[in-house]
Amino acid sequence: VTFPKPYTYNLTLIQRIIILVVSVLYIAIQPIVTHAAEPIKIGILAYRSKAQTLKQWQPLAVALKKNMPERDFVIEVFTNKELLIAANSRQTDFILTNPSSYINLAQSSGVSAPLATLATNTNGQLATVFGGVIFSLASQTNINKLTDLKGKTIAISNTDSLGGYQIQAYTLSHMGISIANSTKRISLGMPQDKVVYTVLAGGAEIGFVRTGVLEAMAQEGKIDIKQLKVLNRQSLPDFPVQVSTRLFPEWIFASMPHIEENTARHVAATLFQLEENTEAVNAIGIHGFVVPADYSQVTDLLKELRAPPYEHPPSFTLHDVVERYRGQLLIVLLGLAAILTLSFRLLNTKRKLLAEQGISLLQKQHLQISQASLQATIDAIPDLMFELGLDGEYYSVTTNSNNQHLLYAPEKTLIGLRVSEVLPEDAANIVLAALHEADQTGYSQGWQFALDLANGKSWYELSVAKKISSKNQQQRFVVLSRDITQRKTAEEDQRIAAIVFESQEAMVVADKNNVIVRVNSAFTHILGYSAQEVIGQTPRLFKSDRQDTHFYQNMWEQITTHGQWHGEIWNKCKNNDIIPMHAIITAVKGADGLVAYYVATLTDITERKRSADEIEHLAFYDALTNLPNRRMLLDRLKLAFASSKRNHRDGALLFLDLDNFKTLNDSLGHAIGDLLLQQVASRLTNCLRESDTIARVARLGGDEFVVMLEDLSGDTNEAAAQVQRVAQKILTNLSQPFTLDSYQYLNSVSIGAALFSEHEHSPDDLLQHADIAMYQAKKAGRNNMLFFNPNMQDAINARTDLERELRKAVDTQQFQLYYQVQVDYLGDTMGAEALIRWNHPERGMISPYQFIPLAEETGLILAIGQWVLNTACEQLKAWQNNEITRDWTISVNVSAKQFHQADFATTVFSTIQRHTINPRLLKIELTESMLLEKIDETIITMNRLRSMGINFSLDDFGTGYSSLQYLKRLPLNQLKIDQSFIRDIASDHSDQAIVRTIIAMAQSLNLEVIAEGVETDKQLGYLRNYGCNHFQGYLFSKPITIEAFEKQYKKPE
Amino acid sequence: MKQFNRRQFITSLSGLVLTQILPSCTWLDSKPITIAAHNWPGYESLFFANRETWLDRNQVNLVETTSASESMQRLSEGKVSGAALTLDEVLKARAHGLPLTIVMIFDISAGADMLISRARFKKITEIKGKRVGFEKGAVGELLLNEILNLAELKKTDIKPIELTIDKHLQAWQNNQIDAVVTYEPVASQLQSLGGFKLFDSREIPNTIVDVLAIRSDVLNFSHANAIRHLVAAHFHALNYINKNPQDAAYRMATHLGLPVVDVLPAFKGLVLPDTNYNHRLMAGTSAELLLSAKRLVKSMLKNGLLKKSDSLNTLINTDYLPRDIS
């Protein structure tokens, strides 16, 4: 076997002429050739050895002959160059070659468009594409990535081999690696096996072959594939062999132009049916042929690589450049202009700075000289002495041992700094102001500032003189800083005293003889006397007659012995008003230890006294009606108990509650409601005043009044009769019409009565008994009176017990959620409805029917409802990560009270967020009655929740008074047909009609329908037939614990 | 030699331009975006571009969701700036107060969604009274409504049965449905089991459209680069898929979860419009997409799929498409 030389395109002129002559001759004799039924020649490019290729493809000729027995077929194998000559000279009729070779032929020989694309078969896997393989020895540890190829030697077959070179070069060039510039190539020619042997023998570090070569050689036992590693290996699980690059369409079968159409069609048809000829395809080792692929991408590749036939780069002119890069050119020019301008300015600035630096050096020298000349003078001065520039820069500091401690910072550190860098901002500003003043006027004195030094605050006063300087020199100032701390402290004390004296409180200063020497303006304001009117008088001028002489004696005694008195004193104003004041009188002693002055501070406490009285009233009386309040009632009740015990007389409490007061308040407003309460209060007071018993009326708040009766008969029956009479009187009186503003209003009242004799109960108990009786009276039809009886208490107690246990249940989590499965049309689990159970530690399971109403009344439903929501969300979260359970929904029931809470939507939202669950899986079940309550608010809340993604189901549908009108407005997702319609659906025609109607309505509103309480297959059949898609009921499962639920449903189908 | 000099000139020129322009423009203003899409052949271009690193992860963060509903959920939570959705889904989101704008069309269903029936009906009206499976809240529901509109039937005239796509085959085999609105590959499976195609999405052209929708508040200067980059990456991938479909098929097979021979057939019935076609469908006041949206709003309102009307203001924005090159 001989290997052809690597193909190059440098055909000599002679070769070109030969090709031309042969072609012309061929065309001239063509008619004779075709008519002589010559064998049809199929030229195939050799990518392994020629002998191997010929042997491989021989069965194709056999297969073609079988289909077209009238013709003979010959397989001819060529190198790339030979194929080109054979095609150009029309010595071959069909060609089978790689895409880049085909594109070259198409350019020069007018070969047809591809007839078919080769489909290869590797271990039973079909492929119509191939790619390039880049490999090295597996033991090469320093070559792992494509970038490692730089500087390495690469073995290739030919540069015009698509799979053996061009695809690899294209891949590398896309990664910015130029094969030509950064690697060394060795071209070994065909077959590509040589590349593999060369790399194995160490002749090159890298090898390029087309896909499948390595695997084929391994299968033929020629190499051990484990010794090689493929670089940039693509992860394409479906592709049968290792590949380093993108994939391109496989080899092409094409016909030459001289082949008549009919023959070409026949051959093509044979190729397409080849895969059915198992014998042939197995022998060739291919899958067959498929319809031709799009080869334009190969053309793009060759163009990009400048590989034949596109080796000549397109030419372009300067004009093209300007056209293409017009925008960028403009920007570059602008950029260059900007850079030039900036550079020029930079040079200028540098020059200026250098000049300034020179000047300042000179100045510094001058300053040092003048400083020396002044040193002697300065040493004599006691104050701190500085020489400063106008900007506050320290040029010199002069101190002596007496004043050194007054320096704010060590002397040495100051020079060169500015005051603004040394002193606090305020102080520095004052120094600068003094400097500026001196600069303007030549001299400055009197600027003061304080500094916090180690031994306390020090005050300074500045004297500044401007130094005469030459024109070029910077202006300097001699600054003397005097310590004026002592003077300042005295001034400050005085100022503070003056401020204190002019305070909000009246102040009087009298001398040792008690003659007034000074008063402040607050004094004038409060007592009305001007300073002139009182100075020279004694404080007796303000004396009222509210205190006796004993009071004043005591006061003076205190002042004399303790130096001070304070207390309340009534003073007379100029206008003769007498006002209460709080006074502090202090005796101030002089240096001699004797009293020099008396100072009195007086505070007007009129307001304070008044509010104290009011508070007392408020504490015991009701502000609206002026009746005694609960507190006063209880006080009086205690007294009444005591008196009852003493006199052996009975008493009674009547608890009154106005009927329908809330409705009045809601419809006519609180102002009208208040009017009624005031009128009721006055009627009660009036009618009881006329009665023959001792009666006291109190208001507990709201529309609740209490009447306390005392001194009733000692005989209980008689006492009851007395109470009955009083109550009747009240009922009659209060049922007369009221005139409230412009309204006529008819009122009624319910009364509960409780008797007391000889202190049997506490006041609170008694009040509660009367309250319970009132409640019963209300239940019994309003506008009447009932006496308290002990059975009432038992019922209340039982309820209270349940309530207490319910509270405990909330705290100790005695609740449990049971889940009832919901299924779809096929009976598959969609999710569940969560149902609450109370597992009482002693009483066992308590039905929700027993405790939910109580929970609603007491407001405990809010905590319970939140617990349910939370637990359901927790469950959804737990289901989220499991393939089977992650789409399951949970429906939770929400009570009216919970739903109508203002923050319900927010609470639900934060619960969902906390558990990070998909809100679509949470379904809130609402009942018709609760929707109707506040329809507009309801819709707002529902819409808010809906926009978060939460779904709604309308529970017990069909049992309420739903109107289509509002159903349409609600953002519902599901209707739940109530189980009462399902129970008899198999026998009851009206139930059937109702269910059908509900389903039709739901469909027209685009709502899902679920039937609950499905118990038999028969019911299920009816429901399915009517178009119901979702079901729940004992037929599928009763409500069960979560453990049981998961055990039953959480398993793969 | 002269040519060589010119080339050198260009190289140095472009180098200069880049160093001058790039640092001053790109990092100053551009902000990245996050986009949600679920696994569907029409959206595969994005995942493909992401895998091939044509999509710059510093500019665009692509999040894979399990379904369109999850994408919508993330949009409404503000976790993503945009998503790949169908036109009706975009309209639904807008009705719920989520302002979305369409900046690109991925694909148009032209036959991919269809109604398969057990019996060979002559007219579509013959589905009256039959059990018809469909996927609620998805394209299937939309198609069913359109079919009913065309047949002048009401939903109550048939027995609609809600079935998710994974149940279609099972329900068919168990004889629990007479017809089903479905799509590939289930559609082909049912046809091979003897089902007849009664209707497909070609009969309601430009109605089932997969689009790239961006939250309107993100359509601003600082996100423009990222959005343009995303759109460009899609078209780059699309171009690659068109030019080298076989190689692309190998590279998409794993993500689509299909054997490689089924990858290209999965695009059957899908029109994947290129840049020019995108412009044609989206530009102008009488753009086909806008007309489709109008028609869709009307029909969805009628069927209760939409609760309020949509002015369609700012529904479409073509500023982010590559320039029309026709």
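**Exercise 1. Is helix H5(B) mostly covered or mostly open, and how many of its 12 residues are buried?**

Before solving, note that this is a predicted model, in which local features need pLDDT of at least 70, side-chain atom pairs count only at pLDDT 80 or more, and totals for chains, interfaces and linings use all residues. Residues are numbered from 1 along each chain as its sequence is written, chains are lettered from A and ligands numbered from 1 in the order in which they are written, and side-chain values use heavy atoms, with hydrogens and water left out.

Solution. Step one is to fix the terms: helices are DSSP runs of H or I with at least four residues, strands are E runs of at least two, and both are numbered from the N terminus; buried means under 20% relative accessible area, exposed over 50%, and partly exposed in between, with a 1.4 Å probe and protein chains only. Step two is the count: 10 of the 12 residues of H5(B) are buried, and the helix is mostly covered. Among them are Val139(B), Gly140(B), Glu141(B) and Asn145(B). For the setting, chain B has 12 helices and 11 strands, and 56% of its 326 residues count as buried.

**Exercise 2. Compare the expected span of H5(B) with the distance between its end C-alpha atoms.**

Solution. The expected span is 1.5 Å times one less than the number of residues. For the 12 residues 139-150 of chain B this gives 16 Å, and because the end C-alpha atoms are 17 Å apart, the two values agree. Just after H5(B), Glu152(B) takes a positive phi of about 55 degrees.

**Exercise 3. Describe how H2(A) and H9(A) cross.**

Solution. Axes are lines fitted to C-alpha atoms, for helices over the stretch in contact, and angles run from 0 to 180 degrees between N-to-C directions. The axes of H2(A), residues 50-67, and H9(A), residues 261-273, come within 10 Å and cross at roughly 115 degrees. With contact meaning heavy atoms within 4.5 Å, Leu60(A), Ala63(A), Leu64(A) and Asn67(A) of H2(A) meet Val267(A), Thr270(A), Leu271(A) and Gln273(A) of H9(A).

**Exercise 4. Which stretch of chain B has pLDDT under 50 throughout?**

Solution. The scale, pLDDT, is the predictor's confidence in each residue, from 0 to 100. Chain B has a mean of 84, with 90% of its residues at 70 or more, yet pLDDT stays under 50 over residues 1-28, for which the model has 18 contacts beyond four places in sequence. Where pLDDT is low, the predicted coordinates should not be read in detail.
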